[in-house]
Amino acid sequence: MILDILFPNRCLGCNRIIDADFLVCEICFEQIDFTHFDYFGDNFIKEKCKLLFPVEQASGLMQFKKENLSRKIIHELKYKNREKAGKVLAQWTSERLNFKDRKPDLLVSVPLHSRKQKERGYNQLHLFTEKLSEFYGIPFDHNVIKRNYYSKAQALKDKKHRLETENTFSITKAITGKHILLVDDVFTTGNTVATIAWEILKAGNNTVSVLVMAIDI
């Protein structure tokens, strides 16, 4: 309570004091660039994924534009120790995404290298994925995929180095006959999800769909 008084939670948009469980106030919420994609229809991210690997479905929550509020939210989650933002983003996703009667079998989030996760203290996708699992009743597994190499953040790489993903990930356990929903934070080139998707597809008779927090358009 004392910390709440001394360091109250403030809206990421306008800096006004808000409830501790919120990211933005009601007014700034209207400024968030939600995609409103149809998970079962054609959309920007699905078309991009189709060029890289056989994708079942694909969707994203927000647009990740320069200087927009969505970008600030993701940066707070990834770099400002705001792990709980993942819970809010999962709630926003659940209000907009309906799997109907075709739910995936398993939620798998893109892993951090163990060294980077230790440095950051958490994987920004874990709480997001766990809350989605709880809402939809779909199991998750954070250990299906392993990142083999330590590297700097994707946002800090130039375009050439973003494409260098060969042998970056590997499957850690037998998995076959599953529809995997691959969860990531920001979809930029699509090479990260494509590299993981191919590992999953090669592992057995699996199919892959994609869900991201934000899309860099």
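This report looks at helices, a pocket and several single residues in one protein model.

The model is predicted: local features need pLDDT of at least 70, side-chain atom pairs count only at pLDDT 80 or more, and totals for chains, interfaces and linings use all residues. Residues are numbered from 1 along each chain as its sequence is written, and side-chain values use heavy atoms, with hydrogens and water left out.

## Two covered helices

Helices (H or I, at least four residues) and strands (E, at least two) are DSSP runs, numbered from the N terminus. Start with helix 9, which covers residues 191–203 and has 13 residues. Its first and last C-alpha atoms lie 18 Å apart, close to the 18 Å expected at 1.5 Å a residue. The expected span is 1.5 Å times one less than the number of residues.

Burial comes next. Buried means under 20% relative accessible area, exposed means over 50%, and partly exposed is in between (1.4 Å probe, protein chains only). In helix 9, 10 of the 13 residues are buried, so the helix is largely enclosed by the rest of the structure. Among them are Val-193, Ile-196, Ile-200 and Leu-201. Asn-191, Thr-192 and Glu-199 are also buried.

Helix 5 is mostly covered too, with 8 of its 10 residues buried. The buried residues include Val-88, Leu-89, Trp-92 and Thr-93. What do the buried residues of helix 5 pack against? They pack against helix 2, strand 1 (58–63), helix 4 (69–79), helix 7 and strand 6. Contact here means heavy atoms within 4.5 Å.

## The largest pocket

Rolling a probe the size of a water molecule over the atoms shows where empty space is left. The search uses a 1 Å grid over the protein atoms alone. A pocket is an open set of points with protein on both sides within 12 Å along at least five of seven lines, whereas a cavity is a set where a 1.4 Å probe fits but cannot get out. Lining residues have an atom within 4 Å of a point. Grid points are joined across faces, edges and corners, and a volume is the space filled by probe spheres set on the points.

The largest pocket holds about 820 Å³ of space. It is lined by 30 residues, and the closest to its centre are Ala-20, Asp-21, Phe-22, Leu-23 and Val-88. Helix 1 (2–6), helix 2 (26–29), helix 5 (85–94) and helix 7 (126–136) each give two or more residues to the lining. Helix 5 supplies the largest share, 7 residues. The lining divides into 16 nonpolar, 4 polar and 10 charged residues. Ala, Val, Leu, Ile, Met, Phe, Trp, Tyr, Cys and Pro count as nonpolar; Asp, Glu, Lys and Arg count as charged; the others, Gly among them, count as polar.

## Buried residues

Phe-128 is found in helix 7. Its relative accessible area is 0%, so Phe-128 is buried. Not counting residues up to four places away in sequence, Phe-128 touches Gly-86, Leu-89, Ala-90, Thr-93, Val-183 and Met-213.

Gln-124 sits in the loop between helix 6 (114–120) and helix 7. Is Gln-124 buried or exposed? Gln-124 is buried, with a relative accessible area of 5%. Its side chain makes a polar contact of 2.5 Å with that of Arg-120. Another, of 2.6 Å, joins the side chains of Gln-124 and Asp-185. A polar contact is a pair of N or O atoms within 3.5 Å; within protein, one must be able to donate a hydrogen and the other to accept it, and residues adjacent in sequence count only if both atoms are side-chain atoms.

## Residues with more open surface

The table lists four residues by place and relative accessible area.

| Residue | Place | Relative accessible area |
|---|---|---|
| Thr-207 | strand 6 (residues 207–215) | 28%, partly exposed |
| Cys-14 | loop between helix 1 and helix 2 | 35%, partly exposed |
| His-36 | loop between helix 2 and helix 3 (44–50) | 65%, exposed |
| Glu-67 | loop between strand 1 and helix 4 | 70%, exposed |

Cys-14 touches Cys-25 and Cys-28, not counting residues up to four places away in sequence. The C-alpha atoms of Thr-207 and Phe-53 are 10 Å apart, with their places 154 residues apart along the chain.

Backbone angles add a last detail. His-36 is not a glycine, yet its phi is positive, about 60°. Glu-67 is also a residue other than glycine, and its phi is near 70°.
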